[in-house]
Amino acid sequence: GPAGPAGPAGAAGPGAKWALVRPDGGIVAQSGGISLTAHPSAGLYILDFNSDVSGKLIIGASALASDNSFRGVVSAGPCGGADQNSDCSVGNDKNHVRVFTDNPGETATQSHSFYVAVIG
């Protein structure tokens, strides 16, 4: 038989904001509205997502933007003080994300390129 009428549109999905960041903190590509607040030391980056990231999934992953060397893990989490479990030296509010990149032996932070995404 013939197809029935189309149903109502569903709610929008959770959305995502993401960035590809070089070892020097420069943003190579992004979904929009993200900026580097600080790169205070080797392997430490603080990014402003320009909206509240609390309670959202935050993912960090290795990337190869201007950086083809071996490296350790990438860690990412929200800034914002005690309720976020992460104090940041600058940008310590709920719009900021702190990212650490490690050396290959994971014995110290070391600057490397990475992807970071906030979903939700």
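Student: Let's start on the outside. Which residues form a nonpolar patch on the surface, and what is their accessible area together?

Tutor: Keep in mind that this is a predicted model. The patch consists of L57, I59 and I119, which together have about 230 Å² of accessible area.

Student: Take I59 from that group. Where is I59 found, and is I59 buried or exposed?

Tutor: I59 sits in strand β5, residues 57-62. The general idea is that relative accessible area under 20% is called buried and over 50% exposed, with partly exposed in between. I59 comes out at 37%, so it counts as partly exposed.

Student: Now the inside. How many residues does the largest nonpolar core have, and which have the most contacts inside it?

Tutor: A core here is a set of buried nonpolar residues joined through their side-chain atoms. The largest one has 14 residues, and those with the most contacts inside it are L47, F49, V97, V99, F114 and V116. Two or more residues of this core come from each of β1 (16-21), β4 (44-48), β7 (96-101) and β8 (114-119). The largest share is from β8, with 3 residues.

Student: Let me zoom in on V97. Which residues is V97 in contact with, leaving aside its neighbours within four places in sequence?

Tutor: The list is Y45, I46, L47, F49, V53, I58, A76, G77, P78, C79, V116 and V118. One of these contacts, L47, also stands opposite V97 in the strand pairing.

Student: Then let's read that pairing. How many bridges join β4 to β7, and do the strands run parallel or antiparallel?

Tutor: With strand pairs, look for the bridges and then the direction. β4 and β7 run antiparallel and are joined by 5 bridges. β7 also pairs with strand β6, residues 74-78, again in the antiparallel sense and over 5 bridges. To find that pairing on screen, start from S75, whose bridge partner in β7 is F100.

Student: What about β4 and strand β3? How many bridges join them, and which residue of the hairpin takes a positive phi?

Tutor: Strand β3 covers residues 35-41 and runs antiparallel to β4, with 4 bridges joining the two. S41 stands opposite L44 in β4. There are 2 residues between the strands of this hairpin, and G43 is the residue with a positive phi, near 80°.

Student: And β8, which came up in the core? How many bridges join β1 to β8, and over how many do β5 and β8 pair?

Tutor: β1 and β8 run antiparallel, joined by 6 bridges. W18 has A117 as its bridge partner in β8. β5 and β8 also pair in the antiparallel sense, over 6 bridges. For that pair, find A61, which stands opposite Y115 in β8.

Student: Back to phi. Why would a positive value catch the eye?

Tutor: Most residues other than glycine have a negative phi, so a positive one is worth a look. S66 has a positive phi near 55° and is not a glycine. S66 is placed in the loop between β5 and β6 and counts as exposed, with 64% relative accessibility. E106 is another non-glycine residue with a positive phi, about 55°. E106 lies in the loop between β7 and β8, and at 45% relative accessible area it is partly exposed.

Student: What else is in that loop? Where does T107 lie, and how far is its C-alpha atom from that of G72?

Tutor: T107 lies in the loop between β7 and β8 and counts as exposed, at 68% relative accessibility. The C-alpha atoms of T107 and G72 are separated by 8.8 Å, although the two residues are 35 residues apart along the chain.

Student: Last topic, charges. How many salt bridges does the structure hold, and are R71 and D67 buried or exposed?

Tutor: Read a salt bridge in two steps: the N to O distance, then the setting of each partner. The structure holds 2 salt bridges. R71 and D67 meet through their side chains at 3.0 Å, N to O, and both residues are buried. R22 and D24 make a salt bridge at 3.1 Å, N to O. There, R22 is partly exposed at 28% relative accessible area, and D24 is partly exposed as well, at 48%.

Notes. Residues numbered from 1 in each chain as written. Predicted model: local features only at pLDDT ≥ 70, side-chain atom pairs only at ≥ 80, totals over all residues. Heavy atoms only, no water. Patch = residues over 30% accessible without salt bridge, like charges linked within 9 Å, V, L, I, M, F, W, Y side chains within 5 Å. Areas by Shrake-Rupley, 256 points an atom, 1.4 Å probe, with all protein chains shown as cover. Salt bridge = Lys/Arg side-chain N within 4 Å of Asp/Glu carboxyl O. Buried < 20%, exposed > 50% of the residue type's maximum accessible area, 1.4 Å probe, protein only. Core = buried A, V, L, I, M, F, W, Y, C linked by side-chain atoms within 4.5 Å. Contact = heavy atoms within 4.5 Å. Pairing = 2+ DSSP bridges.
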